[in-house]
Amino acid sequence: MNLWLTAAVALLPALAAAGWVAAVADIENRFVALELGSTLTVFMLMLLSVGYDQPSFIDLGLTVVLLSFPGALAYAHFLERWL
Amino acid sequence: MNAGDFAQIVLVALGVAASWLAAFGLLRLPTAFARLHCVSFAGAAGGLCFMAAVLADRGGDPLGFKSAATIILLLLTGAVFVHASGRALRLRQQALEDRQ
């Protein structure tokens, strides 16, 4: 287990904390926790990509960034108007 | 262990510490507005530390380049997200207060 994989595993408690807040808090705090969770997921995918020496893995992280942004904006729009 | 390896370890440790601090803030801070700071802190501090560590290890190879692109994109979209979500939360709270 190298430095990068150790760091990816070390991020799991932080991701679990974001998941716990997303599961139990009210809708506004869930929104914030979801975004922190997606940020931590990108970090973990990047670290796993370097740790396993697989450049193709980082495409998944890039995709998470590109997809979570419009998702978060849509969530914000719904939160503002209808939820 | 040379200076480059030591720098990588320090940068990765700082990135993990920033992520833990953001998660701790998410658990402890009282409101959604205060918790938004944790999201931008994790993206900026953690992202820059991890990006610097990967670039120190890989340099300009495809993995280093894609990692840098991912973090820069995360920083740009994170700034827009925090602004948009802060606005949405404020309008929502205003609407809820008007309803009461």
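This is a tutorial dialogue on reading a predicted model of two chains, A and B.

Student: Let me start with the overall make-up. How many helices and strands are there in chain A?

Tutor: A good place to begin is to list the elements in sequence order. Chain A has four helices and zero strands, so its pattern along the sequence is α-α-α-α. Chain B has three helices and, again, zero strands; from its N terminus the elements run α-α-α.

Student: Is chain B compact or spread out for its 100 residues?

Tutor: For that, set the radius of gyration against what a globule rule gives for the chain length. Chain B has a radius of gyration of 17 Å, well over the 13 Å from the rule for 100 residues, so chain B is more spread out than a compact globule. The C-alpha trace of chain B spans about 65 × 25 × 10 Å along its principal axes. For chain A, the C-alpha atoms fill a box of roughly 45 × 25 × 10 Å, also along the principal axes.

Student: What share of each chain counts as buried?

Tutor: In chain A, buried residues make up 42% of the 83 residues. In chain B, 36% of the 100 residues count as buried.

Student: And how much of the contact in each chain comes from residues 24 or more positions apart?

Tutor: Here we look at contacts with a separation of 6 or more and ask what part of them joins residues 24 or more positions apart. In chain B that part is 63%, and in chain A it is 44%.

Student: Now for helix packing. At what angle do H1 and H3 of chain A pack?

Tutor: Two values describe a helix pair: the angle between the axes and the distance between them. Helix H1(A), residues 3-10, packs on helix H3(A), residues 27-51, at an angle of about 155°, with the axes 8 Å apart. An angle over 145 degrees counts as roughly antiparallel, which means that H1(A) and H3(A) are roughly antiparallel. The crossing of H1(A) past H3(A) is left-handed.

Student: Which residues make that contact?

Tutor: From H1(A) they are A:Trp4, A:Leu5, A:Ala7 and A:Ala8, and from H3(A) they are A:Met44, A:Leu47, A:Leu48, A:Val50 and A:Gly51. By class, the residues in this contact are eight nonpolar, one polar and no charged.

Student: How do H2 and H3 of chain B cross?

Tutor: Try the same reading on them. H2(B), residues 32-58, and H3(B), residues 62-99, have axes that come within 9 Å and cross at roughly 170°. H2(B) and H3(B) are therefore roughly antiparallel to each other. Their contact has 17 nonpolar, eight polar and one charged residues.

Student: Let's move to the place where the chains meet. How many residues does each chain bring to the contact?

Tutor: One can describe an interface by counting the residues on each side, then asking which elements supply them. Chain A contributes 34 residues and chain B 37 residues. On the side of chain A that touches chain B, H1, H2 (12-24), H3 and H4 (57-81) each supply at least two residues. H3(A) gives the most, with 15 residues. By class, that side of chain A has 27 nonpolar, four polar and three charged residues.

Student: Could we read single residues too? Is A:Leu62 buried or exposed?

Tutor: Counting neighbouring C-beta atoms settles this. A:Leu62, in helix H4 of chain A, has 18 other C-beta atoms within 10 Å and is therefore partly exposed. Leaving aside neighbours within four places in sequence, A:Leu62 is in contact with B:Lys66, B:Ala69 and B:Thr70. Its C-alpha lies 9.1 Å from that of A:Leu45, which is 17 residues away in sequence.

Student: What does B:Gly46 touch?

Tutor: B:Gly46 lies in helix H2 of chain B and counts as buried because it has 27 C-beta neighbours inside 10 Å. Not counting residues up to four places away in sequence, B:Gly46 touches A:Phe43, B:Gly15, B:Ala18 and B:Ser19.

Student: And which residues are in contact with B:Cys49?

Tutor: With the same sequence neighbours left aside, B:Cys49 is in contact with B:Leu11, B:Leu14, B:Gly15 and B:Ala18. B:Cys49 also lies in helix H2 of chain B, and with 22 C-beta neighbours inside 10 Å it counts as buried. The C-alpha atoms of B:Cys49 and B:Ala68 are separated by 11 Å, and the two residues are 19 apart along the chain.

Key
Residues are numbered from 1 along each chain as its sequence is written. Chains are lettered from A and ligands numbered from 1 in the order in which they are written. This is a predicted model: local features need pLDDT of at least 70, side-chain atom pairs count only at pLDDT 80 or more; totals for chains, interfaces and linings use all residues. The radius of gyration is taken over C-alpha atoms; the globule rule is 2.2 Å times the number of residues to the power 0.38. A residue is buried if 20 or more other C-beta atoms lie within 10 Å of its own, exposed if 12 or fewer, and partly exposed in between; C-beta atoms are placed from the backbone. Two residues are in contact if their C-beta atoms, placed from the backbone, lie within 7 Å. Axes are lines fitted to C-alpha atoms, for helices over the stretch in contact, and angles run from 0 to 180 degrees between N-to-C directions. Angles under 35 degrees count as roughly parallel, over 145 as roughly antiparallel, 65 to 115 as roughly perpendicular and the rest as oblique. A crossing is left-handed if the near helix is turned anticlockwise from the far one by less than a right angle, and right-handed if clockwise. Ala, Val, Leu, Ile, Met, Phe, Trp, Tyr, Cys and Pro count as nonpolar, Asp, Glu, Lys and Arg as charged, and the others, Gly among them, as polar.
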